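User: I have a structure open and would like to talk through its cysteines, some strands and any internal space. Could we start with the cysteines?
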Amino acid sequence: MSTRIAFLKGHGTENDFVIVPDPENAVDLSPAAVAALCDRRAGIGGDGLLHVVRSAAHPEARAMAAEAEWFMDYRNGDGSIAEMCGNGVRVFARYLQRAGHVSEGDIAVATRGGVKTVHIAKEGDITVGMGRALLPEGDVTVSVGGRSWPARNVNMGNPHAVAFVDDLAHAGDLYTPPPFSPAAAYPDGVNVEFVVDRGPRHVALRVHERGSGETRSCGTGACAVAVATARRDGVDPGVTGTPATYTVDVPGGTLVITERPDGEIEMTGPAVIVAEGVIEPEWLESALR
């Protein structure tokens, strides 16, 4: 890399991201480069990186270009690729709005988890159509520090294990991935949510995101938790014909999750751009040595 690369920094309920605008997919973001940029002490710092690319310019998104002009090429903080990031989609949409690529109203964003419908409201919050949850069969167990809990297997385009606990402190430090069994349930790893009740249709969570450790928020995790909690409560909008809305507190704020009778899930929350600048090529080359 011989030229300076533009970047922005943003967050959604304190799930924070380095944003790299690259419409023509000209920037080579290796896993090592992403990890260096997301390093909180030596780099810019972030739970992940949002690579902003036109769908037509990215081989993984060209098939979606007719539906969505922009592709969210999302990377975890360790440089690994992820299918989807709910908070990331909101911040991605906020960047597109700031850059003048879109305005208030409905837009489509291509992701590895499919095309997502996003609504940018006048009052500031952003709603993302997160698709349907899949509920794979089979028992799953997660463990921390000698304690074990049954977990609900929920897939939101990425895998989640949702465990209900008496105290969020039981999740431990979440620096390392909580062990789970059986191993075959999540061959590529899993995001693990620990959940407590706060009131009627109101829960709080802590989460270990695979590839990032504990984060201040996880959008797909909040959706998975809302669905798992609804089923625990005996609520299935597909059966009742009535939408179910849950308030989900995360360490970085609050998200509102609604599951509709057709199974589609909507997530509403804030998205903020906090800074912008340039990445010095000399620093990046040095960081990759």
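Analyst: The sulfur of Cys38 lies 11 Å from the closest cysteine sulfur, that of Cys85, which is too far for a bond. Please note that this is a predicted model, in which local features need pLDDT of at least 70 and side-chain atom pairs count only at pLDDT 80 or more, while totals for chains, interfaces and linings use all residues. Residues are numbered from 1 along each chain as its sequence is written, and side-chain values use heavy atoms, with hydrogens and water left out.

User: And what is the closest cysteine sulfur to Cys218?
Analyst: That is again the sulfur of Cys85, at 6.6 Å, too far for a bond. A disulfide is a pair of cysteine sulfur atoms within 2.5 Å, and a search of the whole structure finds zero of them.

User: Is Cys38 buried or exposed? Same query for Cys218.
Analyst: Cys38 is buried, with a relative accessible area of 5%. Cys218 is also buried, at 3%. Buried means under 20% relative accessible area, exposed over 50%, and partly exposed in between, using a 1.4 Å probe and protein chains only.

User: Where is there a cavity, and which residues line it?
Analyst: The lining of the largest cavity includes Cys85 and Cys218, along with Tyr74, Asn76, Glu209 and Arg210 among others. Its volume is about 70 Å³, taken as the space filled by probe spheres set on grid points joined across faces, edges and corners. A cavity is a set of points on a 1 Å grid over the protein atoms alone where a 1.4 Å probe fits but cannot get out, and lining residues have an atom within 4 Å of a point.

User: Changing topic: how does β9 pair with β8?
Analyst: Strands β8 (residues 140-144) and β9 (residues 147-155) run antiparallel and are joined by five bridges. Strands are DSSP runs of E with at least two residues, numbered from the N terminus, and two strands pair if DSSP finds at least two bridges between them. Thr141 stands opposite Pro150 in β9. The two strands form a hairpin with two residues between them, and Gly145 in the turn has a positive phi of about 55°.

User: What about β9 and β10?
Analyst: Five bridges join β9 to β10 (residues 159-164), also antiparallel. Val154 has His160 as its bridge partner in β10. This hairpin has three residues between its strands, with Gly157 in the turn at a positive phi of about 95°.

Technical notes: Helix = DSSP H or I, 4+ residues; strand = E, 2+ residues; numbered from the N terminus. 1 Å grid on protein atoms, 1.4 Å probe; cavity = no way out; pocket = protein on both sides within 12 Å on 5 of 7 lines; lining within 4 Å.
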